[in-house]
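Hi,

Here is the structure I promised to pass on. Have a look at it first, and my notes on what turned up are underneath.

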Amino acid sequence: MSTRTLPLLFINLGGEMLYILDQRLRAQNIPADKAKKVMNDIITTMFNKKFLEELFKPQELYSKKALRTVFDRLAHASIMRLNQASMDKLYDLMTMAFKYQVLLCPRPKDILLVSFNHMDAIKDFVKDTAGILSQVDETYQQLIEMYTPLSNGEFQLIRQTLLIFFQDMHIRVSIFLKDKVQNSNGRFVLPTSGPVPHGTQVPGLIRIFSCTGEELNRLQFGNGGNYTSALREGSFEIFGDRVTKLGTNMYSVSRPVETHMSGTSKNSAQHTKVSAVPNPLAKEELNLLARLMGGLEVEKTGNPESGFRVNLFATDEEEEEAFISRPDDLSYGVINIQATKDQQTNAELAKIMGEFTESDDQSPSASSKGEDLLAMMDGL
């Protein structure tokens, strides 16, 4: 698995989350000052220097539950609150949108252009706030330094890693269903038309050469699609035309978005078997997650009345129904790790870590407690 995939996954999912929240804040007529504070607080937390240092360290992808834990914390980094059903829907929309973008990328390297489209939008959200803007610009530089030197093979590995991460996620999204780019089973429909990848030619011609390199013959064949010549390559600089529209905002107030569990997902929930064998990577993932969460400095609002709830459903009744009907295998058991600068919290985390590493001759009660923690993490 690639060690360079996590920052791209996080930034693209984060960009989609901001698109969705911006749409919902407008749809619910949240006052402009409160909406702006929500966006600024979330982006400030996303691009916190300590947080990004942990994110950009070479490491494997987190599990779906671990990543969901990070985004749950991130979505609540301001005065806005989401019930679990709305948070589930938010995460479903984020992941399915980015999965579709990864599938549609003409070249694996274009995933970086998709990431820059998200970064451009994030930058526009905070264009009037100089302090946050500088944080975003620093991340631009990190992305350029880390990813532009990579070979096509390394980008292909990143793309395959992302597709493996998304392969079992088949949530139906109303926008995709309406545009007929998603089937009723939640699987995407890939086009057989449009521009070919940059640096390639429209398929349909076979050229035969001699040993000396002289062209001897040409044969035409039907390519099964309606392809056109490649577009110019998008810019990989901080400022520039990305050319691709993948990663731009597809939401609007006049175009509400709904999610639905596909039949495949519902059935798989009934047949999912939970392994009783402890995950050997659980301890390491908990360590990584704790350090990452330690960088998420969430502002604690002094006045609880200033907070407000955002509902990603049309009504509270729909939200409640979605919560009840959600399949077990898609109900993320969020691990609430409060890894802040608080000394008592850090002491608790240290205690948990210690219980993973105690020797085999520990007392039975301590041993069983450690096994319980490993069993809890096994689901990650």
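**Salt bridges first**

Arg68, Asp72 and Asp88 are linked in a network of salt bridges. Before you read on, keep in mind that this is a predicted model.

Within that network, Arg68 and Asp88 form a salt bridge whose closest N and O atoms are 2.7 Å apart. Arg68 sits in helix 4 (residues 64-75) and Asp88 in helix 5 (residues 84-104), so the pair ties together parts that are 20 residues apart in sequence. Are these two charged residues buried or exposed? Arg68 is buried, with a relative accessible area of 1%, and Asp88 counts as buried too, at 2%.

The structure holds 12 salt bridges, and I looked at two others. Asp137 forms one with Lys123, with 2.9 Å between the closest N and O atoms. Here Asp137 belongs to helix 7 (residues 130-147) and Lys123 to helix 6 (residues 110-125), so this pair ties together parts that are 14 residues apart in sequence. Asp137 is partly exposed at 25% relative accessibility, whereas Lys123 is buried at 15%. The other one joins Arg232 to Asp241, where the closest N and O atoms are 2.3 Å apart. Arg232 is exposed, with a relative accessible area of 57%, and Asp241 is partly exposed at 45%.

**The core and helix 6**

The largest nonpolar core has 83 residues. Those with the most contacts inside it are Leu9, Phe10, Met17, Ile42, Phe71 and Leu90. Helix 1 gives the most to this core, with 12 residues.

Phe10 is a good place to start if you want to click through the core. Leaving aside neighbours within four places in sequence, Phe10 is in contact with Met46, Phe51, Leu55, Val70, Phe71 and Leu74. Phe10 also belongs to an aromatic cluster, together with Phe51, Phe71 and Tyr91.

Back to helix 6, which carries Lys123. Of its 16 residues, 13 are buried, so helix 6 is largely enclosed by the rest of the structure. From first C-alpha to last, helix 6 reaches 23 Å, close to the 22 Å expected at 1.5 Å a residue.

**Aromatic pairs**

The structure holds nine aromatic pairs. In one of them, Phe98 and Phe166 have ring centres 5.8 Å apart and planes at 85 degrees, so the pair is edge-to-face. Phe98 lies in helix 5 and Phe166 in helix 8 (residues 152-166), so the pair ties together parts that are 68 residues apart in sequence. Phe98 is buried at 0% relative accessibility, and Phe166 is buried with a relative accessible area of 0%.

Tyr100 and Phe176 form a tilted pair, 5.0 Å centre to centre with 50 degrees between the planes. This pair links distant parts of the chain, with Tyr100 in helix 5 and Phe176 in helix 9, 76 residues apart. Tyr100 is buried, with a relative accessible area of 14%, and Phe176 is buried at 3%.

So helix 5 comes up in several places, because Asp88 lies in helix 5, as does Phe98.

**Backbone bits**

Most residues other than glycine have a negative phi. Which residues have a positive phi without being glycine? Asn29 is one, with a phi of about 55 degrees, and Lys180 is another, with a phi near 60 degrees. Asn29 lies in the loop between helix 1 (6-27) and helix 2 (32-46), and at 66% relative accessibility Asn29 is exposed. Lys180 is in the loop between helix 9 (174-178) and strand 3 (193-195), and Lys180 is exposed as well, with a relative accessible area of 68%.

Last, the hairpin. Strand 4 (residues 205-209) and strand 5 (residues 215-220) run antiparallel and are joined by five bridges. Leu205 in this hairpin stands opposite Gln220 in strand 5. There are five residues between the strands, and Gly213 takes a positive phi near 95 degrees.

Cheers

Methods
Residues numbered from 1 in each chain as written. Predicted model: local features only at pLDDT ≥ 70, side-chain atom pairs only at ≥ 80, totals over all residues. Heavy atoms only, no water. Pairing = 2+ DSSP bridges. Helix = DSSP H or I, 4+ residues; strand = E, 2+ residues; numbered from the N terminus. Buried < 20%, exposed > 50% of the residue type's maximum accessible area, 1.4 Å probe, protein only. Salt bridge = Lys/Arg side-chain N within 4 Å of Asp/Glu carboxyl O. Expected span 1.5 Å × (residues − 1). Core = buried A, V, L, I, M, F, W, Y, C linked by side-chain atoms within 4.5 Å. Contact = heavy atoms within 4.5 Å. Phe/Tyr/Trp six-rings, centres within 6.5 Å; stacked < 30°, edge-to-face > 60°.
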